[in-house]
Each structure stands twice: as C-alpha cells, then as structure tokens.
Amino acid sequence: MSQSHIGVSPQVNGHGEACSVREVLDRVASKWSVQIIVSTAKGPVRFTELERSIEGISRRMLTLTLRNLERDGLITRTVYPTVPPRVEYTATDMARELYESLVALTSWAERHRATIAAAREAYDAQHAPDGEACASRPFDPAHGTAGAMS
C-alpha cells in the first residue's frame, strides 16, 4: 500500500528523497535505538554511561546507532571543550514524544513476556514430532514451519 493510500505525509531527507514510514520504524524500533532513546529521554547521558547501561551493545554499534539517531534528529550530541572532551547525548523533543509510546510498549512486553514464553513452549511441544525440539529441525519455507529431518 502506498503512503498516499494510508494518509501519511513523507518526510524529506537531505537528498530530496522521502523517508518511508518503514524506514522510520526500522530506525526507531531497533533494539539499540529503543534503549538509547529511553536512556537519553531522562536527561543528558555520557557515552560511557550508555555503554555500561545497555547490555550486549558493542562500542562500535553504540557509536553507529548514536550517529544515526543524531542524523534523524532524535538525539543531540553536545561536546564540551574540556580535556579530555566531555560528550553528552540528550533526546530531542521528537524523541521524548516517542518515549511515551516506548514506555507503553515495554510495559506491555514486561506484562506479557511470561505468557508469550508459555505459548511458545506449548506451540513447540505440539509441533515437535516424537519429542524432537523444533529448533533442531530445518526451516521449511514451503510451509513456513520447521520441517522433518532428512
């Protein structure tokens, strides 16, 4: 469905091309972006604080994600002329607006994670032949499920 059919006005990037809604959602819905936006919405935060608070993120991925969020206008980067330089990241008004939706989404995930885990276990048990775990069977693209071992 085109953007004009769903009543969405495209955003224009620096090259005169419109960002699709999917591109925007891909950026803000990534696991690293969500955590960074949540952290920076509470006030200025330094790179090392982000690195320590976001479990599993590499230094390079943090740097790339921060650059992309800054490019998209979701965070601001402030460099203070000290030795060594101090750099802080803060959510923009647009990101703080998004933060409210992210809080609702993460609250929903927290409330339902045990139920989802139980549903997965039940599904896997029901669809595994002879006690075989689904994860050990190769994916069958024709049926969208794990297929029988050959």
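Buried, in what follows, means under 20% relative accessible area, exposed means over 50%, and partly exposed is anything in between, with a 1.4 Å probe and protein chains only. By that rule Glu49 is partly exposed, because its relative accessible area is 36%. Glu49 sits in helix 3, residues 47-53. Its C-alpha atom is 9.3 Å from that of Ser39, 10 residues away along the chain.

Some ground rules. This is a predicted model, where local features need pLDDT of at least 70 and side-chain atom pairs count only at pLDDT 80 or more, while totals for chains, interfaces and linings use all residues. Residues are numbered from 1 along each chain as its sequence is written, and side-chain values use heavy atoms, with hydrogens and water left out.

Now the overall layout. The chain has five helices and seven strands; these are DSSP runs numbered from the N terminus, H or I of at least four residues for helices and E of at least two for strands. In sequence order the pattern is β-β-α-α-β-α-α-β-β-α-β-β. The chain has 150 residues, and 23% of them count as buried. About 10800 Å² is exposed by the chain, 55% of it supplied by carbon and sulfur atoms; the areas come from the Shrake-Rupley method with a 1.4 Å probe, and for residues only the protein chains shown count as cover. Contact means heavy atoms within 4.5 Å. Of the contacts with a separation of 6 or more, 35% are between residues 24 or more positions apart.

Most of my time goes to helix 2. It covers residues 31-41, and its axis comes within 9 Å of that of helix 5, residues 93-127, crossing at roughly 115°. Axes here are lines fitted to C-alpha atoms, for helices over the stretch in contact, and angles run from 0 to 180 degrees between N-to-C directions. Angles under 35 degrees count as roughly parallel, over 145 as roughly antiparallel, 65 to 115 as roughly perpendicular and the rest as oblique. Helices 2 and 5 are therefore roughly perpendicular.

Which residues of helix 2 meet helix 5? They are Val34, Ile37, Val38 and Ala41, and on helix 5 their partners are Ala95, Arg96, Leu98, Tyr99 and Leu102. By class, that contact has eight nonpolar residues, no polar ones and one charged. Nonpolar covers Ala, Val, Leu, Ile, Met, Phe, Trp, Tyr, Cys and Pro; charged covers Asp, Glu, Lys and Arg; the others, Gly among them, are polar.

Take Val38, in helix 2. Val38 counts as partly exposed because its relative accessibility is 22%. Leaving out residues up to four places away in sequence, Val38 touches Tyr99 and Leu102. The C-alpha atoms of Val38 and Ala95 are 8.8 Å apart, with the two positions 57 residues apart along the chain.

Helix 2 also packs against helix 4, residues 59-71, at an angle of about 70° with the axes 10 Å apart. This pair is therefore roughly perpendicular as well. Trp32, Ser33, Ile36 and Ile37 of helix 2 make the contact with Met61, Leu62, Thr65, Leu66 and Leu69 of helix 4. By class that gives seven nonpolar, two polar and no charged residues.

The buried residues of helix 2 are Trp32, Ser33, Val34, Ile36, Ile37, Thr40 and Ala41. After the helix comes Gly43, with a positive phi near 135°.

One last item, on the backbone. The peptide bond from Val83 to Pro84 is cis, with omega near -10°. Pro84 is in the loop between strand 4 (75-80) and strand 5 (86-91).
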